[in-house]
Structures are given as structure tokens and as C-alpha cells.
Amino acid sequence: MTIPTMTISNENITGVLLAGGQSRRMGGGDKGLLEIAGRPMLAHVLERFVPQVHHVILNANGDAERFAAFGLPVVADTITGNVGPLAGVLAGMRWSLDNAVDATHIATASTDAPLLPDDLVASLAKALNGRKERIALAASGGHKHPVIGLWPVDLADDLEAALKDGVRKVLHWTDRHGTFVHEFAFREISGRKIDPFFNANTPEEFEEVATLIPQSIG
């Protein structure tokens with residue numbers, strides 16, 4: 001079967017930052033608002049993510065005012081009950097369909113990965129070109145990152161139905177439509193091999209990534 005070539009550019013992609021984690025190991029609250037290297041971690045993520053997409057929204061539940069300083073649309077889950085990251089993916093799809101009519105895809109990332117690759121979205125889009133798989137997920141070091149990926153917005157109705165049927169695991173749903181896993185290489189920073197999706201979950205990891213951020217620029 002011949003697979004049609006797909007052309008996906010940043011003009012066709014809405015960026016969705018998923019802020020659903022409760023940061024229990026950091027004492028609770030929004031991890032993206034915790035300060036790291038002099039700024040909220042979300043600010044570091046935005047610096048890397050914004051140039052890669054056409055629009056950016058934040059998926060978060062609760063009082064949206066806590067993110068007011070970032071000037072982003074804050075979109076709550078459309079499926080209630082804390083059903084996991086797929087609810088954030090669906091919320092991003094629904095917002096994009098309503099507000100970004102030229103967008104064919106959303107790109108998702110988490111708010112606790114301040115070393116995101118500068119070519120994350122372009123690499124995922126290129127990986128899908130000409131493939132039968134419809135969804136691309138990031139991986140590094142052989143480990144999949146199910147909340148970091150590229151998703152076609154025309155699957156919104158299917159995803160909503162799956163969530164209502166009780167599907168919770170990302171791969172259980174993506175594999176229905178074809179999951180392509182794209183491996184990203186570790187970066188060398190000051191002589192160390194660093195996972196580009198290094199996330200900070202503990203005070204010790206916050207201290208570590210705070211030293212890496214200034215060295216990772218450029």
C-alpha cells in the first residue's frame with residue numbers, strides 16, 4: 001500500500017503543555033510554577049517550546065489565575081475525574097479545533113522537562129511523513145515518553161469515546177491508530193550525557209537541572 005506523504009509544519013501545529021502532575025515529591029502544587037535557575041520551570045519549558053509551534057496553550061485544572069503571568073490560554077480537561085494525561089490531550093485537541101482552524105495536529109509536552117530538544121516538534125513531524133502510523137511519541141534511552149508527542153486533531157471524537165469507555169493508558173489508545181516512537185539522542189552538556197527529557201521530581205533533581213540549564217543554551 002502506498003502511504004501518502006504528509007506535510008506538517010509549525011503553522012499546522014498547536015502546542016499543548018500538560019500541567020496535570022501533582023508534584024507530590026516536591027510537597028504538592030504545580031511543579032511548573034516552582035522556581036529553578038531563577039525562573040519558574042514553566043518559563044524554561046516555554047522558551048524552548050514556543051518557537052516550535054504556531055499556538056501554545058496550557059492544560060491545567062483548577063484556578064487558571066495562578067498561570068496568569070504567562071499570558072497563555074489555560075484549558076481544563078473536558079473529561080472530569082482525573083482520568084490521566086489522555087484527558088489533557090483531548091482538551092488540547094478540542095481547543096485547537098475550535099480556535100486554530102488551520103491546525104492539523106497538536107504537539108504535547110510536560111511542564112517539568114526544561115531541557116526539551118529545540119527540534120522536538122520538527123523531528124516528530126518528520127518522523128510521521130509518509131508513514132501509516134498517525135501518532136508520534138518521543139523516546140530517549142529506550143524509554144517512551146507518552147505525554148510528549150504529536151497527535152492529529154481529527155482523532156478527538158475517537159479519543160473522547162475511548163476515555164468514556166474507560167481507556168486510561170496512552171499506548172492502549174495510540175496503538176489503535178498506529179504509534180511511531182521516535183528516539184531522541186542524549187545531549188552532551190559539560191562532558192555529561194543528559195537525557196533531553198530529564199524531568200525534575202525531587203529537590204535533588206531540581207538542584208541538578210538548575211546547574212544544567214545555563215550550560216544547555218546554544
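Author: Contact here means heavy atoms within 4.5 Å. The model is predicted: local features need pLDDT of at least 70, side-chain atom pairs count only at pLDDT 80 or more, and totals for chains, interfaces and linings use all residues. Residues are numbered from 1 along each chain as its sequence is written, while side-chain values use heavy atoms, with hydrogens and water left out.

Reader: Happy to dive in! Which residues does L116 touch, not counting those up to four places away in sequence?

Author: L116 sits in the largest nonpolar core, where L116 is among the residues with the most contacts, together with L17, F49, L120 and L150. Such a core is a set of buried Ala, Val, Leu, Ile, Met, Phe, Trp, Tyr and Cys residues joined through side-chain atoms within 4.5 Å. Here buried means under 20% relative accessible area, exposed over 50% and partly exposed in between (1.4 Å probe, protein chains only). With sequence neighbours up to four places away set aside, L116 touches V45, R48, F49, A109, I148, P196 and F197.

Reader: How many residues does the largest nonpolar core have, and which element gives the most to this core?

Author: The largest nonpolar core has 31 residues. At least two of them come from each of strand 1, helix 1, strand 4, strand 6, helix 3, strand 7, strand 8 and strand 9, where helices (H or I, at least four residues) and strands (E, at least two) are DSSP runs numbered from the N terminus. The most, 6 residues, is given by helix 3.

Reader: What covers the buried residues of helix 3?

Author: Helix 3 spans residues 120-128, and 7 of its 9 residues are buried. Those seven are L120, V121, S123, L124, A125, A127 and L128. Their cover includes strand 1 (13-18), helix 1 (41-49), strand 6, strand 7, strand 8 and strand 9 (179-184).

Reader: Now the sheet, please. Which are the edge strands?

Author: An open sheet of mixed pairing is formed by 7 strands in the order 5-4-1-6-8-7-9; two strands pair if DSSP finds at least two bridges between them. Inside this order, strand 1 and strand 6 run parallel, joined by 6 bridges, whereas strand 6 (residues 105-110) and strand 8 (residues 143-152) are antiparallel over 4 bridges. Pairing on one side only marks the edge strands, strand 5 (74-75) and strand 9.

Reader: What phi does G141 have in the turn between strand 7 and strand 8?

Author: Strand 7 (residues 135-140) pairs with strand 8 in the antiparallel sense over 5 bridges, and A136 has L150 as its bridge partner. The two strands form a hairpin with 2 residues between them. In that turn, G141 has a positive phi of about 60°.

Reader: S140 caught my eye in strand 7. Which side chains does S140 meet in a polar contact of 2.7 Å?

Author: S140 is buried, because its relative accessible area is 2%. A polar contact is a pair of N or O atoms within 3.5 Å; within protein, one must be able to donate a hydrogen and the other to accept it, and residues adjacent in sequence count only if both atoms are side-chain atoms. At 2.7 Å in each case, the side chain of S140 makes such contacts with those of H145 and D195.

Reader: How many residues apart in sequence are the parts that D112 and K31 tie together?

Author: D112 and K31 form a salt bridge, with the closest N and O atoms 2.8 Å apart; the term means a side-chain nitrogen of Lys or Arg within 4 Å of a carboxyl oxygen of Asp or Glu. Both residues are buried. D112 lies in the loop between strand 6 and helix 3 and K31 in the loop between strand 1 and strand 2 (35-36), so the separation of the parts they tie together, in residues along the sequence, is 81.

Reader: And which residues are linked in a network of salt bridges?

Author: R94 forms a salt bridge with D157 at 2.8 Å between the closest N and O atoms, linking helix 2 (residues 85-99) to helix 4 (residues 156-164). R94 counts as partly exposed because its relative accessibility is 22%, while D157 is exposed at 56%. A further salt bridge joins R94 to E160 at 2.6 Å, N to O. The network consists of R94, D157, E160 and K164.
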